[in-house]
Structures are given as structure tokens and as C-alpha cells.
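Work through these short exercises with the sequence and the 3D view open. Try each task before you read its solution.

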Amino acid sequence: MSHRIYIYNVAKPTQSQQTDVMVSEWGYEVPLLLQALLVDGGFIDDNTYNNHVNFNNQGLYFNTKPGIDHIKKIYLLIENQHHGLVDNLETFLSAKEKLFAYLDKLEEVHFHLDAWDVFNMTNKSHEAQAKQLLLDIKQNNAVFTRALEADDVSLIDFNAFNKNATLGFDSFKALLNYPDYEYGWAHIWQKFEEEADVEIFEIDGLWGLKSEEGNVLFEPFFDEFYGFEQGTTAVVSKAGKFGYINKTGKIIIPLSYDDGFDFEGDCAIVKLDGKFGLVNLEGQIKMAPIYNDIYLISAPNIFYCAKLEEK
């Protein structure tokens with residue numbers, strides 16, 4: 001049986017409340033990507049839930065809002081400088097949006113780190129282990145903070161993290177892109193019933209985009225607005241030209257193609273002057289539209305078949 005570590009969002013240290021939320025339940029170690037939440041006001045007190053033995057009952061507490069702000073800045077830094085670091089930008093952006101929406105719904109003032117189960121694996125006192133864990137988390141967050149202050153994602157030095165957080169990976173890129181972590185989203189224990197989404201709406205035959213709260217992200221403009229079935233990017237069209245928009249209401253690829261298809265992985269098939277090519281999420285042409293046909297033949301390891309004249 002795996003020994004577990006828990007992260008809760010709690011109202012009062014040591015006193016359970018109905019509004020408390022269990023954020024993460026993970027085996028043996030605090031996930032490195034979630035340690036960015038535990039950056040402010042760290043102190044030791046009794047656990048709120050695993051408090052079976054009074055003399056060996058120490059957990060950690062951190063302030064919620066600074067932690068959420070900190071992890072958002074890290075994800076935005078990764079997004080802005082993702083080249084060579086993020087293997088699948090579409091999946092990363094989807095995970096980021098879901099994680100941000102989840103964290104924004106956490107209302108209590110403290111993150112509570114409960115490692116009671118793991119602390120029981122040794123004969124050291126829980127207080128001593130809690131003090132060491134607090135130091136380890138501070139060490140790891142110092143790595144993230146240096147990168148943020150310099151606005152340079154390359155300063156996330158994997159060798160500077162505490163070895164307990166690196167879990168056998170040989171680089172931050174390898175840990176970040178590990179499929180089972182889903183760019184950090186998999187570390188969340190229980191999703192809210194309603195994940196943040198957007199609404200495609202129509203007025204007088206034109207289509208626009210609203211946030212979950214009803215704020216207009218893009219005024220009605222498009223003749224057609226296709227769904228976000230493949231993630232955070234949708235095909236839109238105006239006057240017979242096609243492009244792509246994301247869930248923030250930003251046009252990421254201008255409406256300059258005669259047809260466009262959903263992103264599957266890092267690329268989408270587009271059509272121009274009767275020929276087909278591929279574009280990536282930055283709008284860069286990956287295969288010039290010179291082919292008579294292109295179609296996907298495998299996923300998630302993406303391969304395409306392209307036809308040029310009769311070949």
C-alpha cells in the first residue's frame with residue numbers, strides 16, 4: 001500500500017470545517033509542480049485531519065492566495081517560453097486553464113500539507129520531519145522564484161531542486177512532460193463538478209464567445225464558430241476564410257485559409273487555394289499548402305499521409 005501525502009485548502013488550522021477541500025492525494029512525495037502553491041507563510045501546527053496521535057501530529061500550513069499567484073506566474077512563464085520545454089502545447093494549455101479555474105474556486109485561507117502517513121515510515125519525530133520538509137519546499141520554490149525574477153524559464157535548474165522532489169527524472173522537461181502528470185492537472189485529487197468553460201453565443205446570425213461568468217471575450221463577429229472539442233482551440237470563419245481562436249478570446253491564427261480542421265496534437269490541417277498543409281499553434285506553417293490531400297493516420301504519436309499529384 002502506498003503511503004500518502006495530502007494537500008487541503010482549509011479555513012482554520014487544526015479545526016476541520018465543512019468548506020475544507022482536499023486538493024491532492026499523492027504517493028510518498030509532494031508533487032514538485034504543486035509545491036509552487038506552498039510558498040508563503042509556512043508554519044508547523046497539528047494536522048487538521050490525520051491527528052490520531054497527539055505527540056506525533058505535525059503538519060505544515062501556507063497562505064492560499066500568494067501560493068495561487070505564484071503557481072500561475074510559473075505556468076505563464078512556461079507558456080510564454082515553451083519552445084524546447086513543452087512537448088504538447090495544446091495539452092499544456094488545457095491543463096493550465098483547468099488548473100487555474102480549479103484554484104480560483106478555492107476560498108479558504110490556508111493550504112495544509114499533511115504528511116502524517118509518510119512521516120510514520122521512519123522513527124524520526126514528525127516535528128523534525130516537518131521542519132525538514134519545510135526547508136525542502138523552500139529550497140524548491142527558490143528555484144522557481146529565481147526564474148520568475150529573471151523572467152527566464154531556463155533558470156529552472158533541475159539540479160538545484162531537492163533530490164526528493166526530482167523522483168528519478170533527469171530534467172525538469174522530463175518531469176513536466178511526463179504523461180501521467182498531465183502537466184500538473186493529474187495531481188488534483190477531486191475535480192469540481194463544473195469545470196470552467198466558455199459559451200459560444202449567437203446574435204443576429206453572428207457568433208461570439210463568453211466566459212463561464214458571462215463576460216464577453218469576443219463580440220459576435222464570426223459566420224461560423226466551431227466547438228472546442230479538441231481542447232482549448234476552435235476553428236472560426238468569416239466571409240469564407242478560416243482561422244483559430246482560443247478560450248481566452250484571442251485569435252491565435254488569422255482567418256486567412258479556405259478551410260481549417262481541428263488541432264490534433266501540435267498541428268492542424270489547413271486548405272489554401274485548393275491545396276492542403278499543416279500549421280502549428282503559433283500559426284507557423286509546418287508543411288506548406290502544396291498537397292492535394294493530407295490526413296491523419298495515427299495518434300497520439302502523430303503521423304500524416306500527404307498526397308502530391310499522384311504520389
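**Exercise 1.** Which backbone oxygen does the side chain of asparagine 141 reach?

*Solution.* Start with the model. It is predicted, so local features need pLDDT of at least 70, side-chain atom pairs count only at pLDDT 80 or more, and totals for chains, interfaces and linings use all residues. Residues are numbered from 1 along each chain as its sequence is written, and side-chain values use heavy atoms, without hydrogens and water.

Next, find asparagine 141 in helix H5 (residues 126-150); helices are DSSP runs of H or I, at least four residues, numbered from the N terminus. Its side chain reaches the backbone oxygen of glutamine 35 at 2.9 Å.

**Exercise 2.** Is asparagine 141 buried or exposed?

*Solution.* Recall the cut-offs: buried is under 20% relative accessible area, exposed is over 50%, and partly exposed lies in between (1.4 Å probe, protein chains only). Asparagine 141 has 4% relative accessibility, so it counts as buried.

**Exercise 3.** Which residues does leucine 38 touch, not counting residues up to four places away in sequence?

*Solution.* Look for contacts (heavy atoms within 4.5 Å). Leucine 38 touches Ile7, Val30, Phe62, Phe111, Leu113, Ile137 and Asn141.

**Exercise 4.** How many disulfides are there?

*Solution.* Apply the rule: a pair of cysteine sulfur atoms within 2.5 Å. The count is zero. Check cysteine 267: the nearest cysteine sulfur, that of cysteine 305, is 16 Å away. Cysteine 267 is buried at 15% relative accessibility, while cysteine 305 is partly exposed at 29%.

How values were computed: Polar contact = N/O pair within 3.5 Å; in protein donor to acceptor, adjacent residues only side chain to side chain.
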